[in-house]
Amino acid sequence: MDAPPVKLSELLRHPDDLDKIPALKLEFTRKKAAVDSQLRGGLRDQLETTQAGMNGITDGQKTLQLIRDEMMKIDTLCSESQNMIKDFASINLVSQAHRNFGAVETMVENLQTFNDRLNRVENMLREDEEDKENMPNLLRVHYEITQLRNIRDDAMEQIQRADDPGLQSTLEDYFSRLDDAIDWFDEHVGLVALNMINLLIADNNSLVVRLAIIVEAEEKSDQRVEALQEALKDHKEMATRFQSITDGAKKVRGYKEKFLKAIAVNCEGQFAEVREEFLADPTKLEKLLRWYFNDLNAVKQGMVSLMPKKWKILKTYGDIYHQLMHDFLVGMIDDPESSSANTLEIINWPEKYYKKMRKLGFAESDLKPHVIDNREQELVKDFRQLIIKFLDQWIERIFAQEKKDFADRNVEGSNLDTDEYGYFRTKNLVDMWRMLREQVDAAGNSQRTDVAEGVIDAMFLRLRGRQQSFQKMLEEEAARYESDKEAELEGFQALQDWLIATANDQMACIDDNEDEGRFAYLSSFKQKFEPLVTPQYMERAENEIALLRESYIDLSTWCLSKFASLVIAVDFRAVMPTFFTPKWYETTAMKQMIITIEEYVGDYQQVLHHSLVDIFIQILADELLVQYLMGVRNKGAKFRRTEPFQDKIFNDVATAFEYFRSLPNQDLSSDITQTWRVTEDFNALLTAPKEQLPDVFEDFKTKYWDLQITWVEAVLRARDDFERSMLNSVKARAAQMDVVRGPETIMGKIK
């Protein structure tokens, strides 16, 4: 079976895949050359076949013309000979009278013995009826019935020429019993034809051969009748002169067609039984169709030698059976009672079918039409889309429930669950991954990598889409509190709980514990689908897994950052605008904020994933520092030389350091305090003499390459001795510096 076409968009998914273009170009060029070669060969064969057919038609036309010419010569000779013989008219009249007398004598004898002969036929039919397995009189019955048919046909033809309706009605009544005998005989012939395979299996070759003799004789008779009808149709004026050669059958009886029809009817009956069982149990298709190949094998092994060679009986059976197999499978595909499981079995059937047929001697190219009309790709796509449809329905249903839980979060427990470690978790994550595994199983049951790979691709997209939808839901809700549009803080703590639970969910997706043999959802998902896809696809899937893993980390970090920004926006809303204003000297705002942060850490460190606790503290510390330094933009912020702003900044930083240095993780403590030492450079900008400011700025910029000049300007303008020349000198130094970019620093967050 041909490999499914690969879309270019699937081959070139990532920038690195552009390196594959030369190899892909070579491969496609090679495939194109092979296809072009096949097309040229096929075209050449087709032209030769067409030419041979045209030559055959031309030869046939020449032969037909020769026959017509010869018949005209015979007619001419016949007419001329009448004038060559003396008294020919008298001789011809006597001869004709003699022939007519003989014909009448024969007809009378036939009519007188007709009923006796018919009685003998009926007796033989009765004997065969009692011995249906052997039917010893089948040939004799056929011979007698053929003779009786010819007698009836001759008599009816003559009476029709006499144009005597009364006598015609009498003859019809006289011959009426023959029709019953013919029907009885046809019933016996049909019974044998329907049971040909069983007769072969039972080694009843005699009956098979007798049926073949009967059908062959009838086939020859039909061919003779058709030839005469064709010849006389174009030469009606000659018809009366050649009536003597029309003895025998006058009509086509069609026993060969009835024989072929019986083969088809027998096969159709078996397919009807298969249909019901296949609908009940789709997995048994191959077993249910075993009879099909057994029948053809029986024909190949036992029937070929018993039938006329010109019939090509194996090919005849193969063509009939194949057409019915095609009709059955296509019918099942379009059957409204058929399920996706039935369709799936049918998709996988052609490869097995053609393999079995090749063993029986049938080439795939000789079996027309294709057994399912080459609809594999269409059906694969439909089946894949069906799984994806269920996948989308499940994800939509799960997300709808999550949105409802989120909207109704202002209850005890915030509508959240806790896992075995006591971490907050949303309620539907487990259901979502269970659903994904079930859909992977459904794709795997297809036993087709193209189905599995298409479904896995869809899952990657849906997983990323779910993250985006979840983040958007949280973002929109958080914006209400950050913008100060929410007068009441009802649901605020529950929102914070959901942010923590969502961060935990992301870690549950990627936090493998290989030592204990416990794998996170994403790794388990990968292990689930890996046996179902090709190694080539798995290389691409590894990239998708890596991207998903990074996005889970990003979303968990985003949740913690959003938590921190909410703390600043809501809890510190009243105190943040006072920094570096006259009111700042009168309050202990930093102390209050550090206590609040300490309380948050204490409340959430037991319900937050252990790997996120330090990150949570780091983000809170960084966000506090960023907002603190951004305070230079506060309305009324001013640093006067007559006021103790240096001492106040020192006290604020010392207060923060006191908490950070008490953290159990000393590495984290060291990192945070080191980050906060940026306040020293901040203080230097505030206190440096005007002429030293460019050097102070250069030192600051060297340490923090992403230091924003706009923020430096805000700091300088907050000095009570600000002059435009101070800013110009700093900007001039900035223009002279060759800054080396590096990792983002804390100053990159301060605008």
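Begin by selecting R275, E276, D335 and E337, which are linked in a network of salt bridges; keep in mind throughout that this is a predicted model.

Within that group, look at R275 and E337, which form a salt bridge whose closest N and O atoms are 3.6 Å apart. This pair links distant parts of the chain, since R275 sits in helix α10 while E337 belongs to the loop between α13 and α14 (340–359), 62 residues apart. E337 is exposed, with a relative accessible area of 56%.

Stay with helix α10 and select K256 together with E219, a salt bridge in which the closest N and O atoms lie 3.1 Å apart. Here, too, distant parts of the chain are linked, K256 being in helix α10 and E219 in helix α8 (residues 205–234), with their positions 37 residues apart in the numbering. Are these two residues buried or exposed? Both K256 and E219 are buried.

Next, select D186 and K258, whose closest N and O atoms are 3.7 Å apart in a further salt bridge. D186 lies in helix α6 and K258 in helix α10, so the pair ties together parts that are 72 residues apart in sequence. K258 counts as partly exposed, at 43% relative accessibility. In total, the structure holds 46 salt bridges.

Now turn from charged pairs to enclosed space. The structure holds 2 cavities of 30 Å³ or more, and helix α10 leads to one of them, the second largest cavity, as the helix that supplies the largest share of its lining, 3 residues. To display this lining, select A193, L194, N195, M196, I197, A262, I263, N266, Y317 and Y321. The space inside amounts to about 40 Å³. Helices α6 (176–194), α7 (196–201), α10 (255–280) and α13 (313–334) each supply at least two of the lining residues, and by residue class the lining divides into 8 nonpolar, 2 polar and no charged.

Finish at the largest cavity, which has a volume of about 110 Å³. Its lining appears on selecting L429, M432, L463, R466, Q467, F470, T502, D505, Q506, C509, Y552 and L555. Which helices each supply at least two residues of this lining? They are α16 (429–444), α17 (449–482), α18 (492–510) and α20 (535–571). Colouring this selection by residue class will show 7 nonpolar, 3 polar and 2 charged residues.

Terms used. Residues are numbered from 1 along each chain as its sequence is written. This is a predicted model: local features need pLDDT of at least 70, side-chain atom pairs count only at pLDDT 80 or more; totals for chains, interfaces and linings use all residues. Side-chain values use heavy atoms; hydrogens and water are left out. On a 1 Å grid over the protein atoms alone, a cavity is a set of points where a 1.4 Å probe fits but cannot get out, and a pocket is an open set with protein on both sides within 12 Å along at least five of seven lines; lining residues have an atom within 4 Å of a point. Grid points are joined across faces, edges and corners, and a volume is the space filled by probe spheres set on the points. Helices (H or I, at least four residues) and strands (E, at least two) are DSSP runs, numbered from the N terminus. Ala, Val, Leu, Ile, Met, Phe, Trp, Tyr, Cys and Pro count as nonpolar, Asp, Glu, Lys and Arg as charged, and the others, Gly among them, as polar. A salt bridge is a side-chain nitrogen of Lys or Arg within 4 Å of a carboxyl oxygen of Asp or Glu. Buried means under 20% relative accessible area, exposed over 50%, partly exposed in between (1.4 Å probe, protein chains only).
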